[in-house]
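Open the model in your viewer and keep the selection panel at hand. The tour goes from one selection to the next.

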Number of protein chains: 4
Amino acid sequence: MININYMSRTPVYEQIIEQIENFVLVGVYKSGDKLPSVRSLSIELSINPNTIQKAYSELDRKGITSSVPGRGSFVSDNALGILKENNRSRLDELMGLLSKLVIAGVSYAEIISCVDDAFKYCTDKAE
Amino acid sequence: MININYMSRTPVYEQIIEQIENFVLVGVYKSGDKLPSVRSLSIELSINPNTIQKAYSELDRKGITSSVPGRGSFVSDNALGILKENNRSRLDELMGLLSKLVIAGVSYAEIISCVDDAFKYCTDKAE
Amino acid sequence: MININYMSRTPVYEQIIEQIENFVLVGVYKSGDKLPSVRSLSIELSINPNTIQKAYSELDRKGITSSVPGRGSFVSDNALGILKENNRSRLDELMGLLSKLVIAGVSYAEIISCVDDAFKYCTDKAE
Amino acid sequence: MININYMSRTPVYEQIIEQIENFVLVGVYKSGDKLPSVRSLSIELSINPNTIQKAYSELDRKGITSSVPGRGSFVSDNALGILKENNRSRLDELMGLLSKLVIAGVSYAEIISCVDDAFKYCTDKAE
DNA sequence: GTGGTCTAGACCACG
DNA sequence: GTGGTCTAGACCACC
């Protein structure tokens with residue numbers, strides 16, 4: 001289910017974090033669900049267990065999951081809330097990117113059409 | 001004129017590249033203009049000359065500038081064209097970011113208002 | 001009666017030990033009293049019986065209880081004495097914590113008031 | 001300067017964190033100071049660089065330090081404030097420990113004398 | 001079986 | 001030289 005892009009500059013463990021977070025956001029993982037074990041996921045992705053461990057620790061730290069030694073890692077109750085709040089703060093990122101595009105001379109119409117596409121794509125997938 | 005954010009994960013030399021490219025895009029630098037020398041810029045920003053050199057080499061490689069040993073670095077004739085083309089390709093990046101925001105439940109209206117702000121901000125600054 | 005905090009770093013079996021020891025200290029369990037059976041406690045807390053077993057074995061080893069196979073676990077005669085002696089050794093722990101607080105700039109008055117509170121709270125509960 | 005207790009249950013990397021934090025609290029490290037490099041500290045303590053790295057990352061995350069790749073790790077401006085605030089919240093920990101001691105029958109006088117000792121010890125060291 | 005910690009050794013981009 | 005990431009392989013306590 002998780003895809004890793006080894007060419008990307010974003011570290012593998014962050015790619016894992018992001019994709020798991022997305023699974024929570026779209027409802028694939030719900031509060032209380034158990035994540036795959038460190039070892040099983042490391043085998044599935046043929047990635048070193050330490051890398052998975054790092055991703056899981058970070059998710060714990062963020063409050064998205066809570067890991068219990070000897071039991072596993074579980075999605076927290078307020079995971080969805082945390083994520084929605086965090087991602088909302090990415091509007092800043094959007095502003096930055098938009099500024100660059102505007103400077104580059106991309107027209108208003110083009111960007112709006114892009115926004116429309118994004119909404120269409122995501123709502124289609126949700127249906 | 002150039003601001004470096006040492007806390008950012010994007011390397012210093014890329015920050016330099018991006019800001020010089022922006023200067024070209026908004027017309028601060030025009031075709032044929034001479035960039036500050038490696039040494040002077042390194043002193044001004046109190047940055048290692050090697051880092052400036054790396055930024056300038058990269059700009060050369062992209063075709064934005066052309067450096068003449070012993071003379072300096074000059075903005076190419078087709079610099080503006082290249083940049084506009086390159087930056088247009090960032091629409092992919094925009095799509096990626098938008099998808100995340102949509103998944104996070106950010107509303108259409110919010111995003112549109114953000115786009116509007118970006119256009120207002122940039123056109124105001126241009127006037 | 002026993003509360004387990006799965007998020008805590010202290011292992012479950014130690015949490016069980018500590019709470020049973022506290023019951024002895026405050027007089028809920030007296031010498032000769034029978035502890036709940038491994039199985040019943042494991043069901044009540046929905047915890048693996050092995051974990052309960054480990055806690056009981058440790059209590060035996062400390063001399064707090066003595067288990068008779070097939071009969072159950074019973075609070076030893078000198079349990080209270082052992083515990084009072086053991087816990088007194090925690091004054092070291094107190095010193096360590098106090099040092100940190102002092103370094104962090106917590107005032108003498110604040111700490112004393114904290115001590116007073118602890119005594120009030122505990123004596124109230126005992127009444 | 002840093003002492004590691006390998007017998008302790010608290011992980012090595014946390015021991016490092018705590019001792020560095022203490023150095024900041026007592027003024028050995030001030031805002032802007034450079035921490036020893038990951039490698040040099042790993043050699044000095046004969047500990048694997050990864051373990052040091054983990055400690056430094058955590059310090060970064062807490063906002064105590066900020067690490068710049070290629071430059072080093074530096075004590076943040078507000079490090080002292082963060083630490084004082086954090087440690088003040090350890091008063092809860094103190095309450096927990098005190099309760100145990102009170103239950104164990106340690107007298108008020110004994111605890112107060114312990115508090116006095118802690119203050120004497122720390123103020124002596126500071127002079 | 002689980003998560004967590006640690007070592008050893010390597011590589012990378014950056015300065 | 002710096003911090004950061006990753007792999008390989010090991011060990012631990014806990015369940």
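Which element gives the most residues to the surface near DNA strand E? Select α3(A), which gives the most to that surface, with five residues. Before going on, note that this is a predicted model, in which local features need pLDDT of at least 70, side-chain atom pairs count only at pLDDT 80 or more, and totals for chains, interfaces and linings use all residues. Residues are numbered from 1 along each chain as its sequence is written, while chains are lettered from A and ligands numbered from 1 in the order in which they are written.

**Stop 1: DNA strand E.** Select the strand and what surrounds it: 30 residues. The closest are Ser37(A), Pro11(B), Val12(B), Val12(D) and Gly70(D). A residue is near a strand if its C-beta atom, placed from the backbone, lies within 6 Å of it. Elements that each supply at least two residues to this surface include α2 (38–44) and β2 (72–75) of chain A, and α3 (49–62) of chain D. Helices (H or I, at least four residues) and strands (E, at least two) are DSSP runs, numbered from the N terminus. Colour the surface by class and you get 11 nonpolar, 16 polar and three charged residues. Here Ala, Val, Leu, Ile, Met, Phe, Trp, Tyr, Cys and Pro count as nonpolar, Asp, Glu, Lys and Arg as charged, and the others, Gly among them, as polar.

**Stop 2: α1(B) and α3(B).** Now show these two helices alone. Their axes are 8 Å apart, at an angle of about 50 degrees; axes are lines fitted to C-alpha atoms, for helices over the stretch in contact, and angles run from 0 to 180 degrees between N-to-C directions. The two helices α1(B) and α3(B) are therefore oblique to each other, as angles under 35 degrees count as roughly parallel, over 145 as roughly antiparallel, 65 to 115 as roughly perpendicular and the rest as oblique. Among the residues that meet are Ile16(B) and Ile20(B) in α1(B), and Ala55(B) and Leu59(B) in α3(B). By class, this contact has eight nonpolar residues, one polar and two charged.

**Stop 3: chains A and B.** Select both chains. In this contact, 31 residues of chain A meet 31 residues of chain B, where contact means C-beta atoms, placed from the backbone, within 7 Å. On the chain A side, α5(A) provides the largest share, 11 residues.

**Stop 4: chains C and D.** Here 31 residues come from chain C and 32 residues from chain D. On the chain C side, α5(C) has the largest share, 11 residues.

How values were computed
Two residues are in contact if their C-beta atoms, placed from the backbone, lie within 7 Å.
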